[in-house]
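Hi everyone, thanks for coming. Let me walk you through a structure that may be new to you.

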Amino acid sequence: MDEQPMSDLAPRSTIGAVVGVWIAAAFIGVAVGLLAPAEWRMAWMTVGLGGCIVLTFAVQLWLGRAKGFIDRVALTAGGATLVMGVISAVFGVVALIPG
């Protein structure tokens, strides 16, 4: 009888890992938007996005599932990019409003 490893029988949920990185991207984006000076904001957003990419790989490697790895990494990194892009756009529009 060929026994399967426990990870195949009860795999870890991947959606929680994906959404977790998106939430981290939102926190990083808001923190950079509030704490960084306006002239350095986009540079720090880039650094924050780089951190999200590293976090993406760390989380997906921690899951230990080879099947669908590229799709999960693309979804996670793309979502983090979208989240941080929307947040930076909001801060950019707010910076244009005089007051």
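I'll talk about one helix and its neighbours, and then about a patch on the surface. Keep in mind that this is a predicted model.

Let's begin with helix H3, which covers residues 41–63. How far apart are its end C-alpha atoms? They are 33 Å apart, and that agrees with the expected span, because 23 residues at 1.5 Å a residue should also give 33 Å.

Now, which residues of H3 are buried? They are Arg 41, Met 45, Gly 48, Cys 52, Thr 56, Val 59, Gln 60 and Leu 63. As you look at that spacing, here is a handy reminder: an α-helix has 3.6 residues a turn, so residues three or four places apart point the same way. And what do the buried residues of H3 pack against? Two helices: H2, residues 15–35, and H4, residues 69–96. Just after H3 comes Gly 64, with a positive phi near 70°.

Let's move over to the surface. Ile 15, Val 19, Ile 23 and Phe 27 form a nonpolar patch there, and together they have about 400 Å² of accessible area.

Two members of that patch are worth a look, Ile 23 and Phe 27, both placed in helix H2. Ile 23 counts as partly exposed, because its relative accessibility is 45%. Phe 27 has 62% relative accessibility, so this residue counts as exposed, the cut-off being over 50%.

One last item on Phe 27: its C-alpha lies 9.8 Å from that of Ile 87, although the two residues are 60 apart in sequence. Thanks for listening!

Notes
Residues numbered from 1 in each chain as written. Predicted model: local features only at pLDDT ≥ 70, side-chain atom pairs only at ≥ 80, totals over all residues. Heavy atoms only, no water. Helix = DSSP H or I, 4+ residues; strand = E, 2+ residues; numbered from the N terminus. Expected span 1.5 Å × (residues − 1). Buried < 20%, exposed > 50% of the residue type's maximum accessible area, 1.4 Å probe, protein only. Contact = heavy atoms within 4.5 Å. Patch = residues over 30% accessible without salt bridge, like charges linked within 9 Å, V, L, I, M, F, W, Y side chains within 5 Å. Areas by Shrake-Rupley, 256 points an atom, 1.4 Å probe, with all protein chains shown as cover. Salt bridge = Lys/Arg side-chain N within 4 Å of Asp/Glu carboxyl O.
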